[in-house]
Amino acid sequence: MEMTTSYQQPDQQGYYGQFGGAYIPEMLHRNVEELTEKYLGIIYEESFQKEFQQLLRDYVGRPTPLFLAERLSKEHNVPVYLKREDLCHTGAHKINNTIGQILLARKLGKTRIIAETGAGQHGVATATVCALKGMECIVYMGEKDIERQAPNVARMKMLGAKVVPAASGSKTLKDATNEAIRDWINNPVDTHYIIGSVVGPHPYPDMVARFQSVISEETRKQLKEHTGTELPTHVIACVGGGSNAAGMFYHFLDEPSVQLVAVEAAGHGVNSGMSAATTQLGKPGILHGSKSLVMQTTDGQVVEPHSISAGLDYPGVGPLHAHLFESGRGTFLNATDEEALQAAFHLAKTEGIIPALESAHAFSVLEKLKLKPSDRVVVCLSGRGDKDLATYMNAMQK
Ligand SMILES: *Cc1c(COP(=O)(O)O)cnc(C)c1O
């Protein structure tokens, strides 16, 4: 029996506190019900776990190292460890989830995979595992995003995926999501929908958190090897939808001595009208099939978010994080575009690691926390910066 007070697990209906649930069209009930009934049984089956663990090791390259960043530690006068998700195959943590979901899809007897993507990172992670397992892959992407994210579109195509433009509305992520849902309604029997973060209707937030929880599972063991104790005092992660943070927090959620620090994108500033700091600006509402905090106008229209990093540019946040915020279990900070850029350049020069812009947000709060020399800090380095080189080149010219 799980503790009923655990932050790890939503209730039967998929609620973390008041957030979560499954707000979906009638015609999706069968698909989502099938998943809800079967996912836990499947993912803890021995044969599933064996294949999952083997692929994480031999294909993704896990365990990813826990690296003591000595120069950064010296500067902040506290040991700072980096969990190196940037070293995963395809360059970020997203592959942990897509590996899990492709194996689940096969156990469910599905032959066709759909996904939606904004910046293209989740599309690439999905196309990758579809190629690995020889599954048909259709990725919906806003027409505008297809123009803006040409390298990722090329990667998906090279990996054998079909990229379908969503031409309605603002031609971005929201419209791609609508197209993916329409597809799933029309293909309920043979198709699995891979969602890329701890968002969407129950059971997705819980399922994705479980697949990503390998991050904190490894961290506990590795920290013990480094320091003799499994528990850090602080874990820090950036939050877009919240999947790398959920993975980094998961095995520390019920350890009250560990401070969970979530860093959102403030864009040009929380109150600038150009921000993605959802917990600071959002109100309870329904987005992508679950109840969470959502950036919206007084009459409930979703507000366009802004962040320099495409992965954090999302007007909602997963229900687990909305609950961590509301209950006070999580500490929610934010970093502006400018602060993230500075943190990225600083990490590059200090440790020889060029981070993804998303991850750079997490590093930028090190100086905002009141850290003591006796603390132990783990920062989730969710991805590598290769994809952000054009942005970094721009910044260097200024
Ligand atoms: C997609 C992405 C994120 C944001 O997604 P989460 O679900 O919040 O983790 C963060 N970092 C990197 C490197 C990403 O690619």
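**Exercise 1.** In this predicted model, find which residues K94 touches, leaving aside those up to four places away in sequence, and work out whether K94 is buried, partly exposed or exposed.

*Solution.* Start with the neighbours: K94 touches Q121, H122, A125 and Q212. Next, place the residue in its element; K94 lies in helix 4, which covers residues 94–107. Now turn to accessibility. The relative accessible area of K94 is 22%. Buried means under 20% and exposed means over 50%, so K94 counts as partly exposed. Finally, check the record: an unreviewed UniProt entry lists K94 under "modified residue: N6-(pyridoxal phosphate)lysine".

**Exercise 2.** Describe the surroundings of A265: which strand holds A265, and which residues does A265 touch beyond four places in sequence?

*Solution.* First, locate A265 in strand 10, residues 259–267. Then list the contacts: S275, A276, A277, S307, L312, A335 and H361. The relative accessible area is 0%, so A265 is buried. As a last step, look at G240, which is 25 residues from A265 along the chain; their C-alpha atoms are separated by 7.8 Å.

**Exercise 3.** Work out how strand 11 and strand 12 are joined, and why strand 12 is described as largely enclosed.

*Solution.* Begin with the pairing: strand 11 (residues 283–287) runs antiparallel to strand 12, and five bridges join them. One of the partners to trace is V294 in strand 12, which bridges to K283. Then follow the chain through the turn. The two strands form a hairpin with two residues between them, and H288 in that turn has a positive phi of about 50°. To finish, consider burial: four of the five residues of strand 12 (residues 290–294) are buried, so this strand is largely enclosed by the rest of the structure.

Conventions: Residues are numbered from 1 along each chain as its sequence is written. This is a predicted model: local features need pLDDT of at least 70, side-chain atom pairs count only at pLDDT 80 or more; totals for chains, interfaces and linings use all residues. Side-chain values use heavy atoms; hydrogens and water are left out. UniProt positions are given in the numbering used here, feature names are shortened, and annotations may be inferred rather than shown by experiment. Buried means under 20% relative accessible area, exposed over 50%, partly exposed in between (1.4 Å probe, protein chains only). Contact means heavy atoms within 4.5 Å. Two strands pair if DSSP finds at least two bridges between them.
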